[in-house]
Amino acid sequence: RKKISMIDLKEKKYLVAGLSMPDGIAAGIGRRLEQCGASVLYTVMNSDLKAEAAKANPGVEKDRIFVSNFKFEESISAMAEDLTDRGIRLDGAVNATGYADPGEMEEPFRESSWEAMEEAHAINVIGTRFFFTEILDLLNDGASLLVLSYHPGAAFAIPGYHLMGIQKAALESLMRYLALDFGQIGRGLRVNAISPGILPTRSARAVSGFQIGMEYEAKISPQTRNVSMDEVTAEAAWLLSPFSSGTNGQVRIIDTGFLAAAMNPRILKDV
């Protein structure tokens with residue numbers, strides 16, 4: 001495949017929430033934005049993760065990583081205050097934070113505890129709303145906000161993905177309501193979601209049936225392959241750039257055509 005050209009994002013500054021390992025989508029988006037010339041700040045859920053993330057991602061200094069636990073409003077507010085005190089202005093932000101209790105994800109959905117469901121909703125959905133509203137005053141006009149979804153898990157019931165699938169469905173709805181609400185402010189702000197196909201990140205590998213899912217996507221896809229991290233982060237950079245100023249309230253699916261080809265004749269003959 002041809003090398004993807006870079007969008008010019010010099011003098012732009014972005015905040016990416018959910019930094020962890022280098023193979024994660026948050027790290028990938030951050031690297032792509034930096035390759036395009038942008039400055040990138042990050043958030044992690046706690047101080048221990050800050051040290052781990054800085055060590056795991058060479059070139060990301062600790063002073064560019066902020067602590068913001070999406071489970072608690074006061075933690076998000078403290079992060080926003082820290083950014084304000086530093087005089088930071090933002091041209092966009094990405095929430096790539098996602099969490100559901102791994103132990104409960106391995107159990108049948110009917111056995112999910114109240115506590116696990118409440119925690120997952122607080123971090124993935126409520127936390128996203130407060131993350132974006134807390135940084136609202138730091139956003140430059142025309143800023144772009146982006147959330148990370150997985151549309152197949154939001155639109156369909158996928159075994160082993162239950163707790164997260166419900167959160168992704170709520171997150172996509174939240175994104176549309178934020179797009180409407182922020183649009184009424186009149187500053188050209190917009191909110192979108194990206195939904196990558198299955199990527200071999202550490203968090204994805206922890207989901208039951210990960211490898212089978214990747215193989216299935218590749219077989220169904222018209223391109224007979226899985227999507228790459230480069231393709232996902234290129235889409236994110238475009239959505240965060242002024243070039244996509246007319247795109248708002250949308251779920252952008254990057255999966256080499258998997259969802260468009262459920263009745264692929266190449267596969268039906270083997271069913």
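This is a short dialogue on reading burial, strand pairing and contacts in the model above.

User: Before we start, what kind of model is this, and how are residues numbered?

Analyst: It is a predicted model, in which local features need pLDDT of at least 70, side-chain atom pairs count only at pLDDT 80 or more, and totals for chains, interfaces and linings use all residues. Residues are numbered from 1 along each chain as its sequence is written, and side-chain values use heavy atoms, with hydrogens and water left out.

User: Happy with that. How many residues of strand S4 are buried?

Analyst: Buried means under 20% relative accessible area, exposed means over 50%, and partly exposed lies in between (1.4 Å probe, protein chains only). Helices (H or I, at least four residues) and strands (E, at least two) are DSSP runs, numbered from the N terminus. In S4 (residues 90-95), six of the six residues are buried, so the strand is largely enclosed by the rest of the structure.

User: Which strand does S4 pair with over five bridges?

Analyst: Two strands pair if DSSP finds at least two bridges between them. S4 and S5 (residues 139-148) pair in the parallel sense over five bridges, and Gly92 stands opposite Ser144 in S5. S4 is also joined to S1 (residues 13-17) by four bridges, again running parallel; there Leu15 stands opposite Ala93.

User: Now a helix, please. What do the buried residues of H1 pack against?

Analyst: A general idea helps: an α-helix has 3.6 residues a turn, so residues three or four places apart point the same way. In H1 (residues 25-35), eight of the 11 residues are buried, so this helix is largely enclosed by the rest of the structure. Among them are Ile25, Ile29 and Arg32. The buried residues pack against S1, S2 (39-44), S4, S5, S6 (190-196) and H10 (229-240). After H1 comes Gly37, with a positive phi near 100°.

User: Is Met79 buried or exposed, and which residues does Met79 touch?

Analyst: Met79 lies in H3 (residues 73-85) and is buried, with a relative accessible area of 2%. Contact means heavy atoms within 4.5 Å. Leaving aside residues up to four places away in sequence, Met79 touches Leu15, Phe66, Val67, Ser68, Phe131 and Ile135. Leu15 is the residue that stands opposite Ala93 in S4.

User: And how does Ile166 count?

Analyst: Ile166, in H7 (residues 162-183), counts as partly exposed at 36% relative accessibility.
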